[in-house]
Amino acid sequence: MKQDATRNAAYTVNCEDYVHVVEFNPFESGNSGNLVAYGGNNYVVIGTCTFQEEEADVEGIQYKTLQKFHHGVRVDGIAWSPETRLDTLPPVIKFCTSAADMRIRLFTSDLQDKNDYKVLEGHSDFINGLVFDPKEGQEIATVSDDHTCRIWDLEGVQTAHFALHSPGMSVCWHPEETYKLMVAEKNGTIRFYDLIAQQAILSLESEQMPLMSAHWCLKNTFKVGAVAGNDWLIWDITQSSYPQEKRPVHLDRAFLFRWSTINENLFATTGYPGKMTSQFQIHHLGHPQPILIGSVPVGSGLSWHRTLPLCAIGGDHKLLFWVTEM
């Protein structure tokens, strides 16, 4: 008997604001692995969540808000810094946001009376992706509709600038390949840049447009995944510059692609947000069909837990969490 893959969220957390973006902290440093950040129309909220899958004495989910930061403008993207630590006194919370006003804000907090932020300006159009350098956290890479990828230091000085052929949609910095940066463009091209030579060293082609989101696999540096048009696409960069696998996935165009942090064959995709509901799917490369399908009222954002096969998505005044069996 075929099990129905359509499922409701395993856990939900109520929020004060519409949630545009959600990000689990991807770094294991300093006991900060269970941190989650989400952004709404005016605020960024930092919290911790513990799930029954990881702690026997937790029933369902245990969520606690640590700090709320006034943002004043819609939050479009959040990136965690590897400098974030909860095991120091005082703790260090560090992250940056992209916003509807085309600015980047770099936040630093000790969860008490020190809550600072710095504004980084330079993009002339919407910022579609941002990421901290995963080793030291001393630089931030961003991509924008202004056809540029930029790298900034923490003072807001631009240390590198790459001209793109179309809007930059995603940017990834791999902890095992810290001298390379992956940049995905809307025209279907994904390039890897050598950050020392400051030039492109490899490119991949989706042959489909618009490419909306791409992600570099954490568990296998040769794997890249993306969504373009209605399809998901997977590359093995040692094999070819064209995708090895692709499959139609969302009728209303695919919007986001994210690899699982713990399994190189597991990934999630979302359909376009903004309609009444947005479809969300979890896929496994060994299965011909999605292994989990969810629908989210106007869902946005997508993030995998660092150590669990668990996804978070933002919704209307809610965080929603789906758990999949591996």
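Biologist: What makes Phe 69, Trp 80, Phe 95, Phe 107 and Tyr 117 a cluster?

Modeller: Ring pairs link these residues to one another. Rings of Phe, Tyr and Trp (its six-membered ring) pair if their centres lie within 6.5 Å; planes under 30 degrees apart count as stacked, over 60 as edge-to-face and the rest as tilted. By this rule there are 16 aromatic pairs.

Biologist: On what basis are such values computed?

Modeller: The model is predicted, so local features need pLDDT of at least 70 and side-chain atom pairs count only at pLDDT 80 or more, while totals for chains, interfaces and linings use all residues. Residues are numbered from 1 along each chain as its sequence is written, and side-chain values use heavy atoms, with hydrogens and water left out.

Biologist: Why is the pair of Phe 255 and Tyr 272 given its name?

Modeller: The ring centres of Phe 255 and Tyr 272 are 5.0 Å apart and the planes stand at 70 degrees, so this pair is edge-to-face. Phe 255 belongs to strand β22 (residues 254–259), and Tyr 272 to the loop between β23 (266–271) and β24 (277–284), 17 residues apart. Strands here are DSSP runs of E with at least two residues, and helices are runs of H or I with at least four, numbered from the N terminus.

Biologist: How do you know whether Phe 255 and Tyr 272 are buried or exposed?

Modeller: Buried means under 20% relative accessible area, exposed over 50%, and partly exposed in between (1.4 Å probe, protein chains only). Phe 255 has 22% and therefore counts as partly exposed; Tyr 272, at 24%, is also partly exposed.

Biologist: What kind of pair do Phe 257 and Phe 267 form, and why?

Modeller: Their centres are 4.8 Å apart and their planes meet at 20 degrees, so the pair is stacked. Phe 257 lies in β22 and Phe 267 in β23, so the pair ties together parts that are 10 residues apart in sequence. Phe 257 has 0% relative accessibility and so is buried; Phe 267, with 0%, is buried as well.

Biologist: Why is strand β20 described as largely enclosed?

Modeller: Five of the six residues of β20 (residues 231–236) are buried, so the rest of the structure largely encloses this strand.

Biologist: How do you know which strands pair with β20?

Modeller: Two strands pair if DSSP finds at least two bridges between them. Strand β19 (residues 223–228) pairs with β20 over six bridges in the antiparallel sense, with Lys 223 opposite Asp 236. Strand β21 (residues 245–248) runs antiparallel to β20 and is joined to β20 by four bridges, with Leu 233 opposite Lys 246.

Biologist: What makes up the hairpin of β19 and β20?

Modeller: Two residues lie between these strands, and Gly 229 in the turn has a positive phi of about 60 degrees.

Biologist: Which strands are the edges of the open sheet of β1, β28, β27 and β26, and why?

Modeller: The order of the four strands is β1-β28-β27-β26, with antiparallel pairing. The edge strands are β1 and β26 (300–304), each of which pairs on one side only. Between β1 and β28 there are four antiparallel bridges, and Val 13 has Leu 319 as its bridge partner in β28.

Biologist: Which residues touch the most other members of the largest nonpolar core?

Modeller: Such a core is a set of buried Ala, Val, Leu, Ile, Met, Phe, Trp, Tyr and Cys residues joined through side-chain atoms within 4.5 Å. Of its 17 residues, Phe 24, Tyr 38, Phe 51, Leu 310, Leu 319 and Phe 321 touch the most other members. The elements that give two or more residues to this core include β1 (11–14), β27 (310–315) and β28 (318–323).
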